[in-house]
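User: I should like to learn how to read the features of a protein model. May we take them one at a time?

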Amino acid sequence: TEYDIDSWEELGERKITIDPEEPWCIKGHLDWINIGITRIPESFGDLKIDGDVLLDRNDLISLPVSFGDLEVTGDLHLNNNRFHFLPQNFYRISVGGTLMLTGNDLKNISNESSTKDTDLSKMKVPRRFPNVKGEVRVTA
């Protein structure tokens, strides 16, 4: 189904396409860099995003528990936010490109298969994210 957005004059003639069989799939590039996001809704993890997701330089302190269920076909950038921890199931996240977590104050990543948190300085990051196809960058 196609919906015209011509009532939003600033978007002009653009259209969005919603697949009735996959209404949770966003097709395109989400560039939400430095726009002051402080919270992401729990339902965000239910999405499949066919493109990149750029959430750099916002004021995010935490991510919803569902974030580990997110599917991104491109890159996922979460650089320069204020994370100390990631959700317990974050290691399950599916990223077709690069996962970037640099510039945060990450201490631990919880893993539901373990009873204790994992110290980032001792872990082998790429093994930690088996569903990430590209590079994984995690630095303070």
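Analyst: Let us begin with a definition: a salt bridge is a side-chain nitrogen of Lys or Arg within 4 Å of a carboxyl oxygen of Asp or Glu. This is a predicted model, in which local features need pLDDT of at least 70 and side-chain atom pairs count only at pLDDT 80 or more, while totals for chains, interfaces and linings use all residues. Residues are numbered from 1 along each chain as its sequence is written, and side-chain values use heavy atoms, with hydrogens and water left out.

User: How many salt bridges does a search of the whole structure find?

Analyst: The search finds 2 salt bridges. In one of them, Arg 92 is joined to Asp 69, with the closest N and O atoms 2.4 Å apart. This pair links distant parts of the chain, 23 residues apart: Arg 92 is in the loop between β9 and β10, and Asp 69 is in the loop between β6 and β7. Arg 137 forms a salt bridge with Glu 135, where the closest N and O atoms are 3.0 Å apart.

User: Is Arg 92 buried, partly exposed or exposed?

Analyst: The general idea rests on relative accessible area: buried means under 20%, exposed means over 50%, and partly exposed lies in between (1.4 Å probe, protein chains only). Arg 92 has 32% relative accessibility and therefore counts as partly exposed. Asp 69, at 38%, is also partly exposed. In the other salt bridge, Arg 137 is partly exposed at 37%, and Glu 135 is partly exposed at 41%. Over the chain of 140 residues, buried residues make up 41%.

User: How many helices and strands are there in the chain?

Analyst: Helices (H or I, at least four residues) and strands (E, at least two) are DSSP runs, numbered from the N terminus. The chain has 1 helix and 14 strands.

User: In what order do the strands form sheets?

Analyst: Two strands pair if DSSP finds at least two bridges between them. In one open sheet, 4 strands follow the order β3-β5-β7-β10, with parallel pairing. At the edges stand β3 (25-27) and β10, each with a single partner strand, so one side of each is left without a neighbour in the sheet. Within this sheet, β5 and β7 pair in the parallel sense over 2 bridges, and Lys 48 stands opposite Glu 71 in β7.

Another open sheet has 5 strands in the order β4-β6-β8-β11-β14, and its pairing is parallel. Its edge strands, β4 and β14 (136-137), each pair on one side only. Strand β11 (residues 99-100) pairs with β14 in the parallel sense over 2 bridges; the bridge partner of Leu 99 in β14 is Val 136.

User: How many aromatic pairs are there?

Analyst: A pair of aromatic rings is described by the distance of the centres and the angle of the planes. Rings of Phe, Tyr and Trp (its six-membered ring) pair if their centres lie within 6.5 Å; planes under 30 degrees apart count as stacked, over 60 as edge-to-face and the rest as tilted. By this rule the count is 4. One of the pairs is Trp 32 with Phe 44: the ring centres are 6.1 Å apart and the planes are at 50°, so the pair is tilted. Both residues lie in the loop between β4 (30-31) and β5 (48-50), and the pair ties together parts that are 12 residues apart in sequence. Trp 32 is partly exposed at 31% relative accessibility, whereas Phe 44 is buried at 6%.

Phe 67 and Phe 90 form a stacked pair, with 6.1 Å from centre to centre and 5° between the planes. Phe 67 is buried at 0% relative accessibility, and Phe 90 is buried at 0%. Trp 32, Phe 44, Phe 67, Phe 90 and Phe 129 form one aromatic cluster.

User: Which residues touch the most other members of the largest nonpolar core?

Analyst: A nonpolar core is a set of buried Ala, Val, Leu, Ile, Met, Phe, Trp, Tyr and Cys residues joined through side-chain atoms within 4.5 Å. The largest core holds 28 residues, of which Phe 67, Leu 78, Phe 90 and Ile 93 touch the most other members.
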